[in-house]
Structures are given as C-alpha cells and as structure tokens.
Amino acid sequence: MTTIDTSKARDPHGDHGHGHHDLPYLAGKGGFFPTLIDWMTTVDHKKLGVMYLVAILTLFFFGGVAALLVRMELLDPVRIAADGTVTGQLLYSNPEDVNAGNVWYNRAFTMHGAIMVFMVIVPGIPASLGNFFLPLMLGAKDVAFPRLNLLSWYIYLLGSVFGILVILLNGVDTGWTFYTPYSTTTDAGHWRVVYMILAAFILGFSSILTGLNFVVTVHKLRAPGMGWFDMPLFVWGIYATAVIQVLATPVIGITLLLLIFERVFRVGIFDPALGGDPVLYQHFFWFYSHPVVYVMILPGMGVISEVIAVHSRKQIFGYRAIAFASLGIAGVAFIVWGHHMFASMSELGSVVFSALTFLVAIPTAVKIFNWIATMYKGSIALTTPMLYALVFLFLFAIGGLTGLPLATLSTDLHLHDSYFVVAHFHYVMFGGTIVAMLAGLHHWWPKMTGRDYNATAANICCLLVFVGFNVTFFTQFFLGTQGMPRRYASYPDEFQLLHQISTLGSWILGLGFMGHLAVFIWSIAAGAKAKDNPWGALTLEWESDTPPTEHNFAHEPVLTHGPYDYETTVPPKWDPKDWPLPDPAKVAAVHRDHH
Amino acid sequence: MATINAQPHGEPHGGPGHDIDAAKRPMWARYKHGHHFRTQDDEFDACKTGMWLFLATEVLLFAGLFMSYTFFRYKYPEAFANGSNYLDWRWGGLNTVVLLISSYTAAMAVRNAQLDQQKALQRNLLITVVCGALFVVIKAVFEYGPKWAQGKRPGEWFSYPFAHDAMEPAWWSVYYSATGIHALHVLIGMALLYRCYLRAKRGAYGPTHYTMVENAALYWHLVDLIWIFLFPLLYLIH
C-alpha cells in the first residue's frame, strides 16, 4: 500500500509550521467582540469543553435551586383542616385554590429531575471534561469532527433554551419521566409539556453527535505508539459512554417524537383513550433511560480511575479489568431496563429482569476493588481531587449496595416508589457522577485555566458536600423503609423529624457548592499561575502547556510509556521539588522483568 | 483498506503551495485534509466511520417504529390485518421501484466521482434527487391526500365512517408516524444530494476527494432500505 501523505511527506518539519498559532487557547483576540465571536464560532475542542462546562454548571445551579425548593416544602407536611384552612404549603399557598401549592411542589421536583438528568448529568462529564481532555489524552490536535462538535454545542444550547423557557412559563409537573397518559392529557391549552419533551429530544441529538464524534476520535486519532491498551482509563470510560450514547439515544428520540405527535396531533400511540398503550411508552422510555444511567456513571468511573492512580502514584491495579468492566457495564446496560417497571410487567418478566439486574454488580464491583487495590501501598496525596475520589468510593459503594434490595423482587415490593429509591439513585447519580465530576474538575482545573485554586478552602467545601449529602440522603433510606412514598408534599407526622434533618442537610450541601463556586471564581481572579504538571501525572494531557496552546502540542507526541507507569517513569515537565524520581532499584527491577 | 490518496495530477516536486498550475487544477485535487488528521486517508476513513455510526442511530430510531408496529399488530390483530386492505400496493410498489432506481443512480454517482466522470456524476445526482421528489409527490398526492379526505386519519382525527374495526385509528397512527418520519428522511436525503449536485457542478468531487458524495449516498441507501421494510409490512401483509 502506498500512500502519498500530502503535507508531511514534503515537509518533514511540518509540525513546526504552526508556530504562529501557538498561543494559549485562552488568549484574547484583541478586544471584547472579536474574542466573543471567536468563542462563539470556535471549533477548538478546549473552548467548547469550557463553554459546555459553564452551561452545565449554570443549569446545575437552576436544578439545585429546584431541589432546595423541594426540600423546603417538605419541612412541614401539607395539612387541610376540617374548616378548609391549609397549613404547611411553604412553597406556594393560595387560600382560593388549596391544590395550587401541591402543583408547585410537583413542578419543582419535575424541573429538578428534568434539568439534572437531561441537561447536567448526562452531558456533564463527557461534554465538558471529555471534550477538553479526550483529544489531549490521545495526543491529538482536536476531535475527529470539530465542526460537528460546534454544532452539537449549539444543539445543546437550543435544548437548554427550551428547558429554561419552560421554567419561565412556570414549569411542568409530569415528573422527569413524562409517563403517559398523564403527560399527554394534562396541561391542556399550554405548550409547556411539549417544550420540555422537545428540549429532551433536542438534547438527545446533541448527545448522539458528541458520542459519535468521540467514538471516531478514539478509533482514528490516537498518538503514534498508542494501542488500545495504552489509552488512559478515562478515555475507556468516555469510549464506553459514547457507544451507549450512540446506540440508546435514538430510541428516546423516536419515543419523544411520538409523544410530541401524540400531544400535538392526538395520534394514539401511548394514550389508552386513543387506542395506544402506556406500558409501551414505559418500555421505550426505559430502554433508553436505563442505559443512560451508565452514560452518567461511566465517565465518572473514568475520572476516578485517573485520579486514584495519579494521586496514589501507583500503577493502576487491573488496567484491563477496569477497561473491560466499562465495556461490560455498557453491554449489560441494554438488558436491564425492565427493572424500572416491575409493577407493569408479568411475573416472569420481572423475575428475568431482576436476575439480569444483578449482573450489573459484577463489573461495578470489579472496578471498586481495583481502585482500592490501586491505593494499597501507594503514596497517597490527600489533594482535593483525591478526597473527592475517596468520597466517591464511599458514596458509590452505598449507592451500589442499596441497589441490590431494589433489584430483589421480594424486598422491592416493600421499597419501590419510596424514599429508599430516591436515596439510592441520589447516592449513585450525585454520590457517583457529580462527585466524580468534582474530582475531575479539581484534578484538571489547573490545566484548563492555568490557575491554582486554594486547596484548603476546596477541602473544606469537599467536607461540607460530603456531610451535607449524607445528612440529606442517608435519612431518606430510613424514610423509605418506614414507608414514605416519593413525590408527595404531605406526609404523616412521624416522618417530620427525618424530613427536617434531610432539609437541613440540603442547606449544608448548598453551602458547600456555593463555597466551591467562590473558590473557582477566586482562582480565576487571583490564583497563582499553575504548573504544567502539578500532580506529576504521566498521561499525555500534562505534556501540553498550561493552559494548552491552540494546537495542543508543539510536536505530535509519541507515546513512550504506559499511562500509569509511575514506578518507572519520570513525569513530563518534571519538577524535582514536587515529585521524587522513581526509585532506581525499582526501575532496574522492572527492566530485568521485561528482558 | 483502499488508498484514495494516489494523485493522478500529482507532481513529484513541491506541494500545492509551490505548484504554478495550482489554480488550473480542479477543486477536488486542491482539497487539503483537516489539520488534525495525519493523512487524507485517515480523514476519509474517519468520516466514513462516523457516517456508519450515524446510520446505526437511524436504524435504531426506526427500530422504535418497527417495534411499535409489531406491538400493535400483536395487540390489535384484526385492525392491522385489515389495514393493508386500505392501501394500494400499486402505489407502494411504484414508489419502491422509484427508490430502487434512485439508489442505483446514487451508487453510480459515487463511482463516477471515483473515475472523474464529472458530467455523469452531476447527472446521476440529479436523477437521484428527482426520484426522491417523485417518491414524495406520489406519497402525498395519491396516498396521503385521498386517505386524509376520506377520514382515514390517525388517533383522534379518525372519521372514516365504514371502519371494520374499532382499533383502526391505531393502525393509521402507526402508518402515518412511520411513513411520515420516513418521508422526512427522504426530504433530508434530497437536500444532502442536491447540495452534492451543486458542489459537483463546481468540480468539488473527484478521485482523491469524494467523501461527501459517498456519505450522502450511504444515507440515501439507508432511507431506501427502510422503505424496503416498510413496504411489505404496511402494504402486503394481511
């Protein structure tokens, strides 16, 4: 096979030709408007990653406020006395219409769920950290389709605009799952439910395009010398995620499209009054929405693999096991959707899905044990990202283990649709994904912004988040086992103490996040200049400048060592004040083993 | 793996920048691959991989529709068995032939681009677009129009007085959803191929660069293939 390479064959020093571009990617373009236009039209994966990050964190704020409103309403149960006076409607109270307060409560939890799932957790890590670091970790100049990347950012923006429009129009109260026939028959005369479904549909497009882009990038743009098993585990996590995004999202696409048809044109697919079937909707919905649970968690697991290895300065334990566990989870993801609808299936169907669901525990446990084994005898540095990785292990283990009684039919009979479920998925979604995102954000923040943050302040915020989260959600396990159903503004008096503790926790949690925001703003405004490789990490993104230049690397990097060979490799841009050199005896031992 | 990067017009000395005849060379020969790819082959492979992945998402999108067809057929067997009696297989068959011809011309267009047959490339692209338009016109004028006028409509809109089965609105819901979304894909495919045609007129595609034609044709074949499944399911099965 002969291939005439158009540029490099003629100019062996072609890589140097970009010298005039080698400014930091954050450099302005001479004036506010040229810089703004440059950012709005950029195809640079780093700028797109930063823009996604800002958008996602903004929406996280909205979703968080909605969550605080939900918790506030639950401080006091709604009571209607014999004479018709209503007490306990803290969110909204109207003496003329006693039901209005409950509707507002329903809207608050729907907006919280829809924003957090579709706009924050699903795109969260892949679109922000993934966009920024996937090409850098592969040693590439950009993702495979940079313009498609820009398009998918604008699609994300459009979907979010619809979501915010719905908030401005007073929100929807269907729950984030849009179950039919409620979602097709309520809110008549308004377009809010349609807008919200449309928002989710549009966001799905963005998700598909990002996933497709990442899959091709991993296949085609790895640095010379980088085989599949030389890729950092974050890349494996993103790759498995992208595969699910590509394969699952079209199904929610067609589902939501049919739902919109049903609402707007009154065709009968899901509404039993029109000859449709609501259980079909549930199957369609969960066929996407269960795999998407792993879209949420797999990138987080990738982040944790990086952070634990780097901050323990250890070769990751069981590299291949972790990589294959990611793919294993991606595979199992597609055959367990039925466990969301045990109540609407035959007994046999429930038994089958229950059995399949237990399979998820295997690859997940493989990962957890490998991370713990990685830390064993490592030289652990308790940096903010590492603290968050430990928080992740703690919370995610609880989240995973409490999934087992929910997958078991006999216990689920008691626990389903209760606060136990709420607590379980918050331990996985928040304790997993959001905490992993915080770990990743603190790990890569110096590289992204070129600034250090105040580690002590960040550690205090980490503690607040940890305590606040557990106070909020651990109490909900008790509420659930005692029989408190989810999605009610009112409850019997004996639940009030636990609800109040949970609400108190949500305030601590909110305080922790406000603290993190302050730390980040302070870092950008007045942080010291960050080093190129502050953690002494070995993956390729740390070989770039801080912040990276527009074309990422001065020369195309060539891989000479594995991503976690801490015991034998001098880190790039090594500073002897920060990190000791590897022990020469160990290096010699490894070389002996290899020859 | 095919190597598409051999340069029939290539000069042994100097790149495009040093080439005094650069302006005279056709547009496709002047194409330079994206800076983040190592070679033009890499770029072509990446684009094709991306397109195949996208087609996989399209298949899954329609899988939802086929699934709901299966589900409702199982649920309302009488209404669905009778449904195909309302459709005229001759119109459906004609549309199948139209799409098959267009798939052939789309495939030929790719071959024409590879062989630098510019006139034939333009002609084949145009025929493909015209066939797509013909499909949509037949569908709208001879199928949707009369049926809608008779009251054979989906869900709540249904007002056909001579229905055999109470569940016929569900049949029409599936029929209109599936064929409507397919027709939308035909329109998108036509737009893509028409853009290819406009660019082909300016000499954008040739032996070393025809990614867009290839991918648009792949998309068109998929649209065709989905119709190949919809046609028997809706028109032929009783």
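These are my notebook entries on a predicted model with chains A and B.

**Entry 1: the interface**

I began with where the two chains meet. On the chain A side I found 46 residues in contact with 44 residues of chain B. The size of an interface is often given as the accessible area lost when the parts come together, so I looked that up next. The area buried between chain A and chain B comes to about 3800 Å², and carbon and sulfur atoms give 68% of that area.

Then I turned to the polar side of the story. How many salt bridges are there between chain A and chain B? I counted three. I noted one salt bridge joining the side chains of A:Arg266 and B:Glu156, at 3.4 Å from N to O. For polar contacts across the interface of chain A and chain B, I have ten residue pairs, with both residues at pLDDT 80 or more.

Which elements of chain A give two or more residues to the side that touches chain B? My list reads helix H6 (192-220), helix H7 (233-265) and helix H8 (278-289) of chain A. H7(A) gives the most, with ten residues. Sorted by class, this side of chain A has 27 nonpolar, nine polar and ten charged residues.

**Entry 2: the largest cavity**

Next I went looking for enclosed space. My search of the whole structure turned up four cavities of 30 Å³ or more. The largest cavity holds about 150 Å³ of space. I find 18 residues lining this cavity; A:Phe118, A:Val122, A:Leu203, A:Gly204 and A:Ser207 lie nearest its centre.

In chain A, helix H3 (100-138), H6 and H7 each supply at least two lining residues of the largest cavity. Here H6(A) has the largest share, six residues. The lining of the largest cavity has twelve nonpolar residues, six polar ones and no charged ones.

**Entry 3: the second largest pocket**

On to open space. I get a volume of about 1600 Å³ for the second largest pocket. Its lining has 50 residues, and the closest to the pocket centre are A:Leu148, A:Leu151, A:Leu209, B:Met51 and B:Leu192.

Both chains appear in my list of elements that give two or more residues to this lining. From chain A these are helix H4 (146-168), H6 and H7; from chain B they are helix H2 (40-75), helix H6 (168-201) and helix H7 (211-236). Which element gives the largest share of the lining of the second largest pocket? I find H6(B), with ten residues. By class, I sorted the lining of this pocket into 32 nonpolar, twelve polar and six charged residues.

**Entry 4: a long-range link in chain A**

Back to salt bridges, this time over all chains, where I count twelve. One that I wrote down joins the side chains of A:Lys29 and A:Glu550, at 2.9 Å from N to O. The pair links distant parts of the chain, 521 residues apart. A:Lys29 sits in the segment before helix H1 (32-40) of chain A, while A:Glu550 is in the loop between helix H17 (496-526) and helix H18 (584-594) of chain A.

**Entry 5: backbone oddities**

Most residues other than glycine have a negative phi, and most peptide bonds are trans, so I kept a note of the exceptions. The peptide bond between A:Thr546 and A:Pro547 is cis, with omega about -15°; A:Pro547 is in the loop between H17 and H18 of chain A. A:Thr180 to A:Pro181 is also a cis peptide bond, with omega near 0°, and A:Pro181 lies in the loop between H4 and helix H5 (182-185) of chain A. Finally, A:Arg313 is not a glycine, yet has a positive phi of about 45°. I find A:Arg313 in the loop between helix H9 (291-312) and helix H10 (319-332) of chain A.

Key
Residues are numbered from 1 along each chain as its sequence is written. Chains are lettered from A and ligands numbered from 1 in the order in which they are written. This is a predicted model: local features need pLDDT of at least 70, side-chain atom pairs count only at pLDDT 80 or more; totals for chains, interfaces and linings use all residues. Side-chain values use heavy atoms; hydrogens and water are left out. Contact means heavy atoms within 4.5 Å. Buried area is the accessible area (1.4 Å probe) that two parts lose on being put together, summed over both. A salt bridge is a side-chain nitrogen of Lys or Arg within 4 Å of a carboxyl oxygen of Asp or Glu. A polar contact is a pair of N or O atoms within 3.5 Å; within protein, one must be able to donate a hydrogen and the other to accept it, and residues adjacent in sequence count only if both atoms are side-chain atoms. Helices (H or I, at least four residues) and strands (E, at least two) are DSSP runs, numbered from the N terminus. Ala, Val, Leu, Ile, Met, Phe, Trp, Tyr, Cys and Pro count as nonpolar, Asp, Glu, Lys and Arg as charged, and the others, Gly among them, as polar. On a 1 Å grid over the protein atoms alone, a cavity is a set of points where a 1.4 Å probe fits but cannot get out, and a pocket is an open set with protein on both sides within 12 Å along at least five of seven lines; lining residues have an atom within 4 Å of a point. Grid points are joined across faces, edges and corners, and a volume is the space filled by probe spheres set on the points.
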